[in-house]
Amino acid sequence: MKNRYHAAALSLALSFTFTSLHADAAAPADFTAAQQARIGEIAADYLVAHPQVLIEVSKKLQAQQAAIKAQLMAQSVLKGHRLLMQLDGVPVKGPQNSKVIVTEFFDYECIACSMMAPVMEQVMASNPDVRFAFRDWTIFAGRYPESTQASRRGLDIWKQKGAEAYMTYHNGIYRTGHNEGKLTAADIEQVATAAGVGAENIATRTPSDSLIEGNNTLAELLGLTGTPGIIVMPAENATADNTTVIPGVVSAQVMQQAIDNAMK
């Protein structure tokens with residue numbers, strides 16, 4: 001068992017450290033087999049005695065992998081930039097001429113979206129010059145019909161009453177604390193009433209369903225893997241360096257950093 005641990009430790013450490021050796025330093029091939037074996041024993045014994053080294057190496061590797069993944073996601077999103085800027089029927093809040101657009105793909109049944117909602121509220125309040133777009137992506141609809149029902153109601157409110165009533169409804173749904181199958185039709189109607197709207201206009205369901213389906217297609221095209229999927233990018237001249245894709249729940253500070261980066 002000890003030999004296996006030594007081998008694994010050595011492999012992890014050497015894979016990370018050999019790349020940082022100076023060009024004039026001796027490579028493993030310059031040593032005899034016996035010397036290489038002895039070096040391996042010394043390195044493995046050291047790592048066993050100092051496990052914090054492995055932890056630090058692991059953290060650095062994870063950070064490198066996360067940076068690479070983020071860059072790849074940003075490049076994928078750039079391919080759909082033009083489609084993301086097409087906001088007909090999509091609930092938005094913020095100035096039309098904003099330099100930065102934050103797009104959230106969400107589901108009202110998503111517990112992570114519920115956790116992210118107050119963060120989004122805070123960020124929106126701190127950035128009145130940024131435009132926020134909310135794209136219903138009903139990935140839970142197959143299990144919970146209220147996912148679609150809540151989205152239809154929200155889109156109808158957007159069409160009837162505009163941004164303020166929509167945001168009251170949108171955040172109100174999440175404030176119920178009901179998700180992952182616990183959201184009810186009564187919850188939806190209670191929140192809609194609190195937003196100051198009357199009965200749903202059934203005629204809006206067909207265009208709403210078309211918009212939701214388009215959001216689903218767009219999310220898949222962009223390579224998003226789930227909700228919330230948040231994209232922060234300039235309205236114009238977007239690049240992989242000034243575009244950030246956030247696949248999940250983050251802090252307001254992380255959101256602000258992404259917005260500031262897109263403002264550059």
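In this predicted model, a good place to begin is a pair of helices: α7, which covers residues 163-175, and α8, which covers residues 185-194, pack with their axes 9 Å apart and at an angle of about 140 degrees. Those two values are the usual way of putting such an arrangement into words, since two packed helices are described by the angle between their axes and the distance between the axes. The crossing of α7 and α8 is right-handed. On the α7 side the residues that take part are Thr168, Tyr169, Gly172 and Ile173, and they meet Ile188, Val191, Ala192 and Ala194 of α8. Sorted by character, the residues of this contact comprise 6 nonpolar and 2 polar ones, with no charged residue among them.

The loop between α7 and α8 holds Glu180, whose phi is near 50 degrees, a positive value in a residue other than glycine. Is Glu180 buried, exposed or partly exposed? Its relative accessible area is 32%, and because buried means under 20% and exposed means over 50%, Glu180 counts as partly exposed.

From this pair of helices we can widen the view to the whole chain, whose secondary structure consists of 10 helices and 5 strands. The chain has 264 residues, of which 43% are buried, and its accessible surface comes to about 14100 Å², with 56% of that area belonging to carbon and sulfur atoms. Among the contacts in the chain with a separation of 6 or more, 79% are between residues 24 or more positions apart.

The interior comes next. In soluble globular proteins, nonpolar side chains tend to be buried together. Here the largest nonpolar core has 49 residues, and the members that touch the most others are Val102, Tyr108, Phe132, Tyr169, Val232 and Met255. Helix α5, residues 111-126, supplies the largest share of this core, with 8 residues. Apart from it lies another core, made of 12 residues that include Met73, Val77, Leu222 and Val245. One member of the 49-residue core, Tyr169, has already appeared in the contact of α7 with α8. Another, Tyr108, is in contact with residues well beyond its sequence neighbours within four places, including Asp136, Ala150, Tyr166, Tyr169, Ile173, His178 and Leu183.

Which residues does Thr227 contact, leaving aside its neighbours within four places in sequence? They are Phe105, Phe106, Asp107, Cys110, Ala112, Cys113, Trp137, Ile139 and Phe140. Thr227 lies in the loop between α9 and β4, and because its relative accessibility is 14%, below the limit of 20%, Thr227 counts as buried. The peptide bond that leads from Thr227 to Pro228 is cis, with omega near -5 degrees, and Pro228 also belongs to the loop that runs between α9 (205-222) and β4 (229-234).

Another proline, Pro207, lies within helix α9 itself, where a relative accessible area of 43% makes it partly exposed. Pro207 and Asp156 are 51 residues apart in sequence, while in space their C-alpha atoms are 9.8 Å apart.

Following the chain past β4, we reach the loop between β4 and β5 (244-246), where Asn237 is found. Phi of Asn237 is near 55 degrees, again a positive value in a residue other than glycine. With 68% relative accessibility, Asn237 counts as exposed, because that value is over 50%.

Definitions and conventions:
Residues numbered from 1 in each chain as written. Predicted model: local features only at pLDDT ≥ 70, side-chain atom pairs only at ≥ 80, totals over all residues. Heavy atoms only, no water. Core = buried A, V, L, I, M, F, W, Y, C linked by side-chain atoms within 4.5 Å. Buried < 20%, exposed > 50% of the residue type's maximum accessible area, 1.4 Å probe, protein only. Helix = DSSP H or I, 4+ residues; strand = E, 2+ residues; numbered from the N terminus. Contact = heavy atoms within 4.5 Å. Areas by Shrake-Rupley, 256 points an atom, 1.4 Å probe, with all protein chains shown as cover. Axes fitted to C-alpha atoms, helices over the stretch in contact; angles between N-to-C directions. Left-handed = near helix turned anticlockwise from the far one by under 90°. Nonpolar A, V, L, I, M, F, W, Y, C, P; charged D, E, K, R; others polar.
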